[in-house]
Amino acid sequence: MTAAEPRGREPGTTPAADAGGAPPGTYRRELTYAVLLCVAGAGLALWASTRTWAVELTARPTPLPPVRDARTGAGLLPWLPALALVGLAGGGAVLATRGRARRLLGGLLCVLGAAVAAGGGYGLVAAFDGEVARQWPALCLLGGVLATAGGLLTALRGRRWPAMGARYERRPAGDAAPAARGEGDRVTGRHTTEAWDALDRGEDPTVS
């Protein structure tokens with residue numbers, strides 16, 4: 001890796017090759033979209049999994065009314081909110097990773113999103129007893145699809161995206177100015193000290 005290449009760049013690549021002719025802001029927009037898709041999708045699925053998907057009615061002897069047993073998505077599929085939580089955390093982790101690690105994370109998020117979507121799809125087609133609310137499984141399915149899209153985008157394009165806090169190793173040309181000013185200050189200070197020493201000896205420091 002040369003001094004002119006940014007940290008995290010793989011050997012053999014150049015800024016022109018990485019850019020691929022795209023405007024500088026394109027990759028930041030892609031990163032923003034991917035994070036929003038993952039976080040919004042996982043958050044939507046997590047919320048939908050806490051809603052009541054079905055109400056089971058258990059009959060009792062007359063005149064007692066039937067017992068209503070509300071079942072949430074988390075109650076029917078205990079693994080569903082856990083996967084949504086992992087996806088939510090992974091969406092934020094996209095910002096802190098780079099290179100191959102980010103692509104691997106994108107693949108993991110894609111798999112998690114697909115699993116969440118499958119849970120929502122199961123809720124749509126399952127034959128639950130009693131009253132069934134299909135809108136919550138549908139939202140869970142939608143959240144899983146959004147998270148899958150965000151993970152897929154990260155896996156395919158994430159290597160080119162900037163990392164949070166990334167900096168270039170080589171200092172810009174303007175950074176040399178403070179060093180030059182510091183050297184000039186030291187020279188001026190040395191001349192001032194020599195002038196005071198000359199005055200103490202009774203000499204005129206302005207006469208060379």
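Here is a walk through this protein chain, from its overall layout down to a few single residues.

Keep in mind as you look that this is a predicted model. Let's start with the big picture. The protein chain contains seven helices and three strands. If you trace it from the N terminus, the elements come in the order α-α-β-β-α-α-α-β-α-α. The chain has 208 residues, and 28% of them count as buried. Its accessible surface adds up to about 12600 Å², and carbon and sulfur atoms make up 63% of that.

Now think about who touches whom. Take the contacts in the protein chain with a separation of 6 or more: 70% of them link residues that are 24 or more positions apart. You'll meet a contact of that kind further down.

Let's move on to the helices, beginning with helix 4 and helix 5. Helix 4 covers residues 79-93 and helix 5 covers residues 99-125. How do these two sit against each other? They pack at an angle of about 150°, and their axes are 9 Å apart. Angles over 145 degrees count as roughly antiparallel, so helix 4 and helix 5 are roughly antiparallel to each other. Helix 4 passes helix 5 in a left-handed crossing.

Which residues bring helix 4 and helix 5 together? On the helix 4 side, they include Trp79, Leu80, Leu83, Gly87, Gly90 and Gly91. Their partners in helix 5 include Leu105, Leu109, Leu112, Ala115 and Gly119.

Zoom in on glycine 90, which is found in helix 4. Is glycine 90 buried or exposed? Its relative accessible area is 7%, and buried means under 20%, so glycine 90 is buried. Leaving aside neighbours within four places in sequence, glycine 90 is in contact with Leu105 and Leu109. Glycine 90 and leucine 109 are 19 residues apart along the chain, yet their C-alpha atoms are separated by 6.8 Å.

Next, follow helix 5 to its other partner, helix 6. Helix 5 and helix 6 pack at an angle of about 165°, with 7 Å between their axes. That makes helix 5 roughly antiparallel to helix 6. This crossing of helix 5 and helix 6 is left-handed too.

Glycine 113, in helix 5, is a handy place to see the link. At 2% relative accessibility, glycine 113 counts as buried. Not counting residues up to four places away in sequence, glycine 113 touches Gly144, Ala147 and Thr148. Those three are among the buried residues of helix 6. Glycine 113 and alanine 149 are 36 residues apart in sequence, but C-alpha to C-alpha they are 8.1 Å apart in space.

What about helix 6 itself? It runs over residues 135-157, which is 23 residues. From its first C-alpha to its last, helix 6 reaches 33 Å, close to the 33 Å expected at 1.5 Å a residue. Among its buried residues are Trp136, Pro137, Cys140, Gly143, Gly150, Gly151 and Ala155.

Our last stop is threonine 154, also found in helix 6. Threonine 154 counts as buried because its relative accessibility is 0%. Which residues does threonine 154 touch, not counting those up to four places away in sequence? They are Ala34, Val94, Arg102, Arg103, Gly106 and Trp161. Of these, Arg102, Arg103 and Gly106 lie within the residues 99-125 of helix 5, so to speak of helix 5 and helix 6 is to come back to a pair that is roughly antiparallel.

How values were computed
Residues numbered from 1 in each chain as written. Predicted model: local features only at pLDDT ≥ 70, side-chain atom pairs only at ≥ 80, totals over all residues. Heavy atoms only, no water. Helix = DSSP H or I, 4+ residues; strand = E, 2+ residues; numbered from the N terminus. Buried < 20%, exposed > 50% of the residue type's maximum accessible area, 1.4 Å probe, protein only. Contact = heavy atoms within 4.5 Å. Areas by Shrake-Rupley, 256 points an atom, 1.4 Å probe, with all protein chains shown as cover. Expected span 1.5 Å × (residues − 1). Axes fitted to C-alpha atoms, helices over the stretch in contact; angles between N-to-C directions. Parallel < 35°, antiparallel > 145°, perpendicular 65-115°, else oblique. Left-handed = near helix turned anticlockwise from the far one by under 90°.
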